[in-house]
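Colleague: I would like a close look at a single part of this model. Please keep the terms clear for a first-year student.

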Amino acid sequence: RLRNVRGKVRFMRYIYSVDKQYVGFATLPNQVHRKSVKKGFDFTLMVAGESGLGKSTLVNSLFLTDLYKDRKLLNAEERINQTVEITKHTVDIEEKGVKLKLTIVDTPGFGDAVNNNECWKPITDYIDQQFEQYFRDESGLNRKNILDNRVHCCLYFIPPFGHGLRPVDVEFMKALHEKVNIVPLISKADCLTPNEVKKLKDRVRDEIEHFGIKVYQFPECDSDEEEEFKQMDKELKECTPFAVIGSNTVVEARGQRVRGRLYPWGIVEVENQSHCDFVKLRNMLIRSHMHDLKDVTCDVHYENYRAHCIQEMTSKLAQDNRTDSPLPILPLPTPDVETERLIKMKDEELKRMQEMLEKMQQQMHEKDQ
Amino acid sequence: MAATDVDIFSNEEKRNLSLGGHVGFDSLPDQLVSKSVTQGFCFNILCVGETGIGKSTLMNTLFNTMFENEEASHYQNGVYLRPRTYDLQESNVHLKLTIVDTVGFGDQINKEESYKPIVDYIDTQFENYLQEELKIKRSLFNYHDTRIHICLYFIAPTGHSLKSLDLVTMKKLDSKVNIIPIIAKADTISKSELHKFKIKIMSELVSNGVQIYQFPTDDEAVTEINSSMNAHLPFAVVGSVEEVKVGNKTVRARQYPWGVVQVENESHCDFVKLREMLIRVNMEDLREQTHARHYELYRRCKLEEMGFKDTDPDSQPFSLQETYEAKRKEFLGDLQRKEEEMRQMFVNKVKETEGELKEKERELHEKFEQLKRMHQEEKRKVEEKRRELEEEMNAFNRRKVAAETLSLSQPLKKDKDKKKSVKTENQSGVNLSNSKVMMAKANMEPLNCQSWWQAIQCCTCLVHSDAWRQGLF
């Protein structure tokens, strides 16, 4: 399915024309803005990766809150046979009058057991469940208050300790890339020198292409965008996958109090662009592309799921004559199975007889001569 | 040399004598030292850790040299051990160093079998040594000892706790080799996090009964430094072979935008501690422990498995030879029995197959008979039909003759017509007599065949029906 919906609200300066021919629908963007502020927004973000890669710290740094105050971490022994859980934290945050209902879906236990066969299955099941829930709601009779719990974006944390993607990373992303927008991140980037960061990014990009993994692609700029915006966009795209560092603590650096990590040899500042790509990630995720992520989820991933679901259901209905479908589908004019079978049989018989006739004819001709 | 704790002379009466002068046997340690220096030393390190965690870099940093190695791939489908032997020399001391790398450790999705190749490798080295020891003609002084003296276990710096794989693997290894756990890439953990991390790791190891190597504290010369080092386990190390200028010195370090991590700076990481403990102070003790504890344990288990005991039921010391002979007889007996079994099975199988083949043969024979009978039946039917046809022919001929005799007695002008009609008969491409039959039949029978099968049998339709000629029905 092609992505042809941009859904980006652009704030234009429009010049009031003294011309009598001014109609006035140039105020539409303003109206959209007003209505959306009134309605409020929602966003569901999933974080996935092995434990100990800084997922919780990064989420706290991104949204400047502490979502994980009293969580309990398991011991190594308890994790030997651990199964993957799905946990949800929902918070309502507000900024300048704009309300956001943010849901963080966490996946504790992913990749932690000794045997991690199909450890991504609970995650794909969860995403499918949300799609199914929305599908039912959308097809229901009363559609006033549909809750959208579909996952809009999945941040996948790649450990920086290796040489690139590992088999479990590849398998996870391949299982999910057609269900959700995947944004891969290089976690704990403060263990990599700038050269090493570049090498690892190139390696990961190559491997993603090699394995055919479809990660979230930033939409192309319109040709009439400002140069500055285009430049920013280009830089953003060349920087993926983002190498991020998170921090729960505030330290004193260069006379300011910033979020960072204090080491004997220096201070790592989370928001310093020469230290890591945290700012780029935040800008992309929250400030410029949040709505695009939602759009792609609705228009591409959800539609794929819906089409697939409907196809399956119609083929099943034809087979076992079930009448309890969850949604009103018009029955397609498929012929009766019995008749079809009879027709097929007769066709075959006719063919056989024709062949035999030809053979006998040939024989008679030969005999004649 | 195995250091035994038993006082050799404890059973006999001892008397302490004082010496009148300097005898000179205080040079014995020096003689020992010069002998071992001429012999050369050998040391074997096993590095266990996930791909990319920094094993090769740490080895390069520890021994201040560039061992050649390529980056391993993450996509091995199993764990492989890669031993490499190097000859190093410092002052006049020769060291034969073997570094064994675990390639592919921690990369698979299912890691339940990951520890096995490592355990097998260690056991194999013990086994080789045992074989050498049990030989009749042996040369232990010359033997290249490949037993692993130390296992460095690289823990990923997650900051939380051990990974489940780490726990499982260390439990399998702690009774076979000296383990020193180290935290790799420690420049990603801040000081406070590091303190908590170390405590968590040690408590997990203790609560799961994993026995790591403790630096020995019974020798007064090193007891102080060793016991303080024991408290710093696991060592948090950073490895680097790149040199960075700091102040007016060039040191091995890692350069970040926010600072420089110096490898040999004790406030930055525990690399210096590791080097002290591993190489400068306890190398010899590691070798001793490997031989006296781990190897002896292996040897005892192995020999017990084979049925050797130190004393037989009557508490008389067993002779190795007798036990060996008994075992051999048993083994040969087993072998013979197995051979018999296999032979029996083979014979049975052959009989079975024979039976099956006979059965098949019989079936085929029956079928053949049946077909023959059918064939004869058909032949008979065809014969009958032929006879009938001939009879009809004869009847027709007689009728013809009768007709002709009749026509001859009639006026001659009809002859020409008849002759013409006879000519046309002869011009059909069919065999003369047959065609006559067919024509006669055709003139007499109506066109009424509805299917091709009937048409074949009915000559009228065969000849006249257009539909049949065109192949339609």
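Modeller: Here is one strand of chain A, followed by one residue of chain B.

This is a predicted model: local features need pLDDT of at least 70, side-chain atom pairs count only at pLDDT 80 or more, and totals for chains, interfaces and linings use all residues. Residues are numbered from 1 along each chain as its sequence is written, chains are lettered from A and ligands numbered from 1 in the order written, and side-chain values use heavy atoms, without hydrogens or water.

Start with the setting. Chain A has nine helices and nine strands. Both are DSSP runs, numbered from the N terminus: helices are H or I with at least four residues, strands are E with at least two. Of the 369 residues in chain A, 41% are buried. Buried means under 20% relative accessible area, exposed over 50%, and partly exposed in between, with a 1.4 Å probe and protein chains only.

Now strand E1 of chain A, residues 41-48. Six of its eight residues are buried, so the strand is mostly covered. E1(A) pairs with strand E3 of chain A, residues 98-106, in the parallel sense over seven bridges. Two strands pair if DSSP finds at least two bridges between them. Here Val47(A) stands opposite Asp106(A). E1(A) also pairs with strand E4 of chain A, residues 153-158. That pairing is parallel too, over four bridges. Ala48(A) stands opposite Tyr156(A) there.

Last, Val260(B). This residue lies in strand E9 of chain B, residues 259-262. Val260(B) counts as buried because its relative accessible area is 18%.
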